[in-house]
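Q: I am new to this structure. Please take a close look at its nonpolar core, and then show me what lies around it.

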Amino acid sequence: MTADEFRELALSLPGAVESSHMNHPDFRAHGKIFATLGYPDATHGMVKLNPQDQKHFVTAHPEAFTPVKGAWGLQGSTSVRLSAARPEVLAAALDLAWQASTEAIQKKKTPPKKAARRKTSA
C-alpha cells in the first residue's frame, strides 16, 4: 500500500474531500476528519475508528494496525503501517471510519430531548 493508494481509497468514499491538518493531509466527510496520511511519518496513515472496530483491526491485522498512543488511541484513532496494509482490509477500515464521521454529524443534528415538565398541584 502506498500513500497514493491510501488517498485514492479515502477519496472514493461519498462526499470525501482532502484537506490539511497539522501539516499533513487529512480526509474529511461532512466536515469531520476520518483519516490522515503522514503521521507520525510518511510510512503511516491513520483511521478514526470506534474502539470496538479498532480492537478488531488491531487483533486481526497487528502488522498493519496499532492504536495511536495516548488518549486519541483510546478513543479509536488507529495508526496504519502502509507497507503492511492490504487494500481490501484498509478499504474496510476507511469505510467504517467514514461511517463513524457520518454518524457523528447525524447525532449533532438530532435535537436533544426536552425534559418532561412536571405538573404541580396548587
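A: Here is a walk through the core, followed by the spaces and loops around it.

The model is predicted, so local features need pLDDT of at least 70, side-chain atom pairs count only at pLDDT 80 or more, and totals for chains, interfaces and linings use all residues. Residues are numbered from 1 along each chain as its sequence is written, and side-chain values use heavy atoms, with hydrogens and water left out.

Start with the overall layout. The chain has four helices and six strands. Helices (H or I, at least four residues) and strands (E, at least two) are DSSP runs, numbered from the N terminus. Read from the N terminus, their order is α-β-β-β-β-α-β-α-β-α. Of the 122 residues in the chain, 34% are buried. Buried means under 20% relative accessible area, exposed over 50%, and partly exposed in between, with a 1.4 Å probe and protein chains only. Contact means heavy atoms within 4.5 Å. Among contacts in the chain with a separation of 6 or more, 51% join residues 24 or more positions apart.

Now the core itself. In soluble globular proteins, nonpolar side chains tend to be buried together. A nonpolar core is a set of buried Ala, Val, Leu, Ile, Met, Phe, Trp, Tyr and Cys residues joined through side-chain atoms within 4.5 Å. The largest one here has 25 residues. Phe6, Phe34, Val47, Phe65, Leu90 and Leu94 have the most contacts inside it. At least two residues of this core come from each of α1, β2 (24-29), β3 (32-37) and α4 (87-109). Helix α4 supplies the largest share, six residues.

Look at Leu90 in more detail. Setting aside residues up to four places away in sequence, Leu90 touches Met1, Phe6, Leu9, Val47, Val80 and Ala85.

Next come the aromatic rings. A pair of aromatic rings is described by the distance of the centres and the angle of the planes. Rings of Phe, Tyr and Trp (its six-membered ring) pair if their centres lie within 6.5 Å; planes under 30 degrees apart count as stacked, over 60 as edge-to-face and the rest as tilted. By this rule there are two aromatic pairs. One of them joins Phe6 and Phe27, a tilted pair at 6.0 Å centre to centre with 50° between the planes. Phe6 is in helix α1 and Phe27 in strand β2, so this pair ties together parts 21 residues apart in sequence. Phe6 and Phe27 are both buried. Phe57 and Phe65 also pair: their ring centres are 5.1 Å apart and their planes are at 55°, so this pair is tilted. Phe57 is buried, at 4% relative accessible area. Phe65 is buried too, with 1% relative accessibility.

Helix α1 spans residues 3-11 and also holds Asp4. Asp4 is exposed, with a relative accessible area of 55%. Asp4 and Leu37 are 33 residues apart in sequence, yet 9.6 Å apart in space, C-alpha to C-alpha.

Thr36 leads on to the pocket. Thr36 lies in strand β3. Its relative accessibility is 6%, so Thr36 counts as buried. Beyond its neighbours within four places in sequence, Thr36 contacts Phe6, His24, Pro25, Asp26, Phe27, Gly45 and Met46.

Now the empty spaces. On a 1 Å grid over the protein atoms alone, a cavity is a set of points where a 1.4 Å probe fits but cannot get out, and a pocket is an open set with protein on both sides within 12 Å along at least five of seven lines; lining residues have an atom within 4 Å of a point. Grid points are joined across faces, edges and corners, and a volume is the space filled by probe spheres set on the points. The largest pocket has a volume of about 370 Å³. Its lining includes Thr36, His24, Tyr39, Met46 and Trp72. Strands β3 and β4 (44-48) each give two or more residues to this lining. The largest cavity has a volume of about 30 Å³. Phe65 is among the residues that line this cavity, including also Ala64, Ala85 and Val89.

Finish with the loops. The peptide bond from Tyr39 to Pro40 is cis, with omega near 5°. Pro40 sits in the loop between β3 and β4. Met22 has a positive phi, near 55°, and lies in the loop between β1 (17-21) and β2. Met22 is exposed, at 66% relative accessible area.
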